[in-house]
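Reader: I'm new to this structure and would love a close look at a single part of it. Could you pick one spot and walk me through its surroundings?

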Amino acid sequence: MTTGVLIVDDDELIRVGLRAIIDAQPDLRVLAEAADGAEVPPLVARHRPDVVLMDVRMPGIDGIQATRHLLATSATPPRVLVVTTFANDEYVYEALRAGASGFLLKRARPAEVVEAVRVVAAGESLLFPAAIRQLVGAYGPAGGDRLCAARLTEREAEVLRLMTTGRSNPEIAAHLVVGVETVKTHVGNVLAKLGVRDRTQAVIAAYESGFVTPSG
C-alpha cells in the first residue's frame, strides 16, 4: 500500500525538496501541495492523504490553526507531522497540543524524513522525549488536574510514565515483563481516559499535570 502525503509550506523550495524525498520512495507519494493552512481542508477532502507535513509558521493560517481545525472537523483526519526550523519553539508546542503526532526539523536528513512519515502513517507518535521536556518546561502550563480526573489504574500510570521516556510498546512490555498486546491495551486505556488522540498528547498531559516533571 502507498502512503499518501500532503505537503503544506509557504516556502516553495521546502515543498520541492520534501516532494523529491518522498516521491523517491516506492511506498510514499505526494498527493498535493499547499502554501497556506487555509488550503488544507479542501485538499484533505479531495485527496484523503494519510499524512500531512505541516509547516508550523505560515503568513496566513498557520500550522496550529490548520491542525486544530482539521482534527476538529474531519471524521477520519490524517496524521499531522509538523515541519519546523526550530525545535524549541512555542509554535511547535502549541501544534503538538492541538493534535499533531510529532515534529520534524527542516534540516532533517532525507532518511529521517522518510522514517518520520512512515512512523506517523502507521499510527505511532514521533516522540522526542528530551525535546518535549524542554517545550513543556518553557511553555507548558502546570498544575492541571487531567491525570486526577482520568483515574488511571496503577499499571496504567506506570505505562504512561514509561511512555514519557519514549519507549515503544515492545520496550514497555520487556520492562514490565508482560505481553505486547497487554501493553497495547493499557496504552489504549490511557489515551481513552485522558481523552487524547495519541501518545504525544498523553505525554504532554503527563507533564502539564505534574505527573512527571521536565526536570525529571
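Author: Happily; here is a walk that starts at one aspartate and moves outward to the helices and strands around it. Please keep in mind that this is a predicted model.

Let's begin with Asp-55. The unreviewed UniProt entry places the feature "modified residue: 4-aspartylphosphate" at this position. In the model, Asp-55 belongs to strand β3, which covers residues 51-55. Is Asp-55 buried or exposed? With a relative accessible area of 2%, Asp-55 counts as buried, because that value is under the 20% cut-off.

What is Asp-55 in contact with, leaving aside its neighbours within four places in sequence? The list is Val-8, Asp-9, Asp-10, Gly-63, Val-83 and Lys-106. With Lys-106 there is a polar contact between the two side chains, at 3.3 Å. A polar atom of the Asp-55 side chain also lies 3.4 Å from the backbone nitrogen of Arg-57.

One of those contacts, Gly-63, leads us into helix α3, made of residues 63-73. At the N-terminal end of this helix, Asp-62 acts as a cap, with a side-chain oxygen 3.0 Å from the backbone nitrogen of Ile-64. Gly-63 and Ile-64 are both buried, and so are Ala-66, Thr-67, Leu-70 and Leu-71. These buried residues are on the same side of α3, because they cover an arc of only 165° around the axis. Ala-72 and Thr-73, on the other side of α3, are exposed. The buried residues pack against β3, the strand of Asp-55, and also against α2 (40-47), β4 (79-84) and α4 (90-98).

Next comes α2, where Val-40, Leu-43 and Val-44 are the buried residues. They cover an arc of only 100° around the axis, so they are on the same side of α2. On the other side of α2 you will find Ala-45 and Arg-46, which are exposed. The cover over the buried residues of α2 includes α3 along with strands β1, β2 and β3. Just after this helix, Arg-48 takes a positive phi of about 55°.

That brings us to the strands. In β2, residues 28-34, five of the seven residues are buried, leaving the strand mostly covered. Strand β1, residues 3-8, pairs with β2 in the parallel sense over six bridges. Val-5, for example, has Val-30 in β2 as its bridge partner. To get from β1 to β2, the chain passes through helix α1, residues 12-23, in a right-handed β-α-β crossover.

To return to our starting point: Asp-55 is buried in β3, and its side chain makes a polar contact with that of Lys-106.

How values were computed:
Residues numbered from 1 in each chain as written. Predicted model: local features only at pLDDT ≥ 70, side-chain atom pairs only at ≥ 80, totals over all residues. Heavy atoms only, no water. UniProt positions renumbered as here; feature names shortened; annotations may be inferred. Helix = DSSP H or I, 4+ residues; strand = E, 2+ residues; numbered from the N terminus. Buried < 20%, exposed > 50% of the residue type's maximum accessible area, 1.4 Å probe, protein only. Contact = heavy atoms within 4.5 Å. Polar contact = N/O pair within 3.5 Å; in protein donor to acceptor, adjacent residues only side chain to side chain. Arc of directions from axis to C-beta. Pairing = 2+ DSSP bridges. Right-handed = clockwise from strand over helix to strand, strands pointing away.
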